[in-house]
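Work through these exercises with the model open beside you. Each task is followed by a stepwise solution.

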Protein chains: 2
Amino acid sequence: MTRKYYKVDTFQSRRALGYLIRRAHNLIVPHAEALFADQEITFTQWVALVSLRDGLTSTCADIARHMGHDSGATTRLVDQLEDRGLLTRTRSKADRRVVNLSLTAEGRAVAKALTPRILEFWNNVLTDFSSHEVTTLIELLTRLLGAVESEIAKTGQRAGSGK
Amino acid sequence: MTRKYYKVDTFQSRRALGYLIRRAHNLIVPHAEALFADQEITFTQWVALVSLRDGLTSTCADIARHMGHDSGATTRLVDQLEDRGLLTRTRSKADRRVVNLSLTAEGRAVAKALTPRILEFWNNVLTDFSSHEVTTLIELLTRLLGAVESEIAKTGQRAGSGK
DNA sequence: ACAAGATAGCTGCCCAGGCAGACATTGTTG
DNA sequence: CAACAATGTCTGCCTGGGCAGCTATCTTGT
């Protein structure tokens, strides 16, 4: 029920959530990509693969929403995964606009093989956090995400193009 | 002291910190940019401006570190701010490699004028969070950032080029 | 004092991803 | 059923920012 957590005269960048998130993102993503440098797929591609495997997504549009990309970027991402034989496109019969994606056996194998790399990284990072702290962080971030989403929905009613 | 928070067989993307951070970043940054769409500077430029004003940074390299960009991107960012007369470059006398940056009166005015937009956004987002929760989130994220930094430093001893 | 290594800044090149537009299909409303 | 809006996919085009390479300067070890 905080009316105003941040006030103009006491505001400091270092305590700004946007700053912390941006910083974390700019630190983590390139490092995750580096962990995959010797691999045939990139970290970003792996994320898409795992989301398909876990049933969080099943179409191009799903992946775009899941990853916060636009649909154009996603098409090209899926192209690459298809070229490498990690997934297949099938035009849906129920809704012919839709192209359903499904992992091939090799896609499944790749997704599984690379998971430990990421988990190891995170487990190393979290060594000094108690299990409770991590859970709290995850819970707060999840709620924050929801709050950001609804705030953006409230303000930015922009006619979407490809998103 | 958590040895392994994430385990291969119980891992779910939705509870992955990387996923949450990426998602938040991809949601917040474009929206922040949109808040500045009618403005003469971008959100990213504003962040640099504020960091200079608050003494968190004073050179190009500082800004690169602060924002997690590389030095090339920062040069161009500073170019634009200089072109608009919001800051000035001065070759340092103590260390002649360094170019010191300082805000002009106009730069100061712009930084100040735009601050309320961002704070309002965040205060709206945080309406349903208690003050204590926000503080906890900030504290955990700050610690996470430190942990990520030292983990990356431990692993990735790569000869830096421009970073 | 000098070679080797860091560090600051700049530039050219490249690419992932955003934007906008096209098209097909489906849903909705009169 | 006609008109219109919404959704899914794909394609050009463009830009921000990463990378590598260069110079100039400072620092450190011998």
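**Exercise 1: Helix α5 of chain B**

Task: Compare the span of α5(B) with the span expected from its length, then describe its bend and its packing.

Solution. This is a predicted model.
- Step 1. Take the 21 residues of α5(B) at 1.5 Å a residue; the expected span is 30 Å.
- Step 2. Compare the ends: the end C-alpha atoms of α5(B) are 32 Å apart, which agrees.
- Step 3. Look for a bend. α5(B) turns by about 25° at Thr115(B), and Pro116(B), a proline, follows within four residues.
- Step 4. List the buried positions. They are Gly107(B), Val110(B), Ala111(B), Leu114(B), Ile118(B), Phe121(B), Trp122(B) and Val125(B).
- Step 5. Find their partners. In chain A, these buried residues pack against α1 and α6; in chain B, against α1, α2, β1 and β2.

**Exercise 2: Helix α1 of chain A**

Task: Repeat the span check for α1(A) and find what its buried residues pack against.

Solution.
- Step 1. α1(A) has 19 residues, with 27 Å expected at 1.5 Å a residue.
- Step 2. From its first C-alpha to its last, α1(A) reaches 27 Å, close to the expected value.
- Step 3. The buried residues of α1(A) include Leu17(A), Tyr19(A), Arg22(A), Arg23(A), Ala24(A) and Ile28(A).
- Step 4. The buried residues of α1(A) pack against α2 and α5 of chain A, and against α1, α5 and α6 of chain B.

**Exercise 3: Helix α2 and the core**

Task: Is helix α2 of chain B mostly covered or mostly uncovered? Then turn to the largest nonpolar core.

Solution.
- Step 1. Count the buried positions: 9 of the 11 residues of α2(B) are buried, so by that count the helix is mostly covered.
- Step 2. Among the buried residues are Phe43(B), Trp46(B), Ala48(B) and Leu49(B).
- Step 3. The buried residues of α2(B) pack within chain B against α1, α3, α4, β1, β2 and α5.
- Step 4. Go past the helix end. Gly55(B) follows α2(B) and has a positive phi, near 75°.
- Step 5. The largest nonpolar core holds 75 residues; Ala24, Ala48 and Leu49 of chains A and B touch the most other members.
- Step 6. Pick Leu49(A). Leaving aside neighbours within four places in sequence, Leu49(A) contacts Leu81(A), Leu86(A), Leu103(A), Gly107(A), Val110(A) and Ala111(A).

**Exercise 4: The chain interface**

Task: How many residues of chain A are in contact with chain B, and which element gives the largest share?

Solution.
- Step 1. 60 residues of chain A contact 60 residues of chain B.
- Step 2. On the chain A side, α1, α2, α5 and α6 give two or more residues.
- Step 3. α6(A) provides the largest share, 16 residues.
- Step 4. By class, this side of chain A has 33 nonpolar, 18 polar and 9 charged residues.

**Exercise 5: The DNA strands**

Task: Which residues come nearest to DNA strand D, and which are closest to DNA strand C?

Solution.
- Step 1. Around strand D there are 27 residues, with Cys60(A), Ala61(A), Gly72(A), Gly72(B) and Ala73(B) nearest.
- Step 2. α4(A) gives the largest share of the surface near strand D, 4 residues.
- Step 3. The surface near strand D has 8 nonpolar, 12 polar and 7 charged residues.
- Step 4. Around strand C there are 25 residues; Gly72(A), Ala73(A), Cys60(B), Ala61(B) and Gly72(B) are the closest.
- Step 5. α4(B) gives the most to the surface near strand C, with 4 residues.
- Step 6. The surface near strand C divides into 8 nonpolar, 11 polar and 6 charged residues.

Notes: Residues are numbered from 1 along each chain as its sequence is written. Chains are lettered from A and ligands numbered from 1 in the order in which they are written. This is a predicted model: local features need pLDDT of at least 70, side-chain atom pairs count only at pLDDT 80 or more; totals for chains, interfaces and linings use all residues. Two residues are in contact if their C-beta atoms, placed from the backbone, lie within 7 Å. Ala, Val, Leu, Ile, Met, Phe, Trp, Tyr, Cys and Pro count as nonpolar, Asp, Glu, Lys and Arg as charged, and the others, Gly among them, as polar. A residue is near a molecule or strand if its C-beta atom, placed from the backbone, lies within 6 Å of it. A residue is buried if 20 or more other C-beta atoms lie within 10 Å of its own, exposed if 12 or fewer, and partly exposed in between; C-beta atoms are placed from the backbone. A nonpolar core is a set of buried Ala, Val, Leu, Ile, Met, Phe, Trp, Tyr and Cys residues joined through C-beta atoms within 7 Å. The expected span of a helix is 1.5 Å times one less than its number of residues. The bend at a residue is the angle between axes fitted to the seven residues ending there and the seven starting there.
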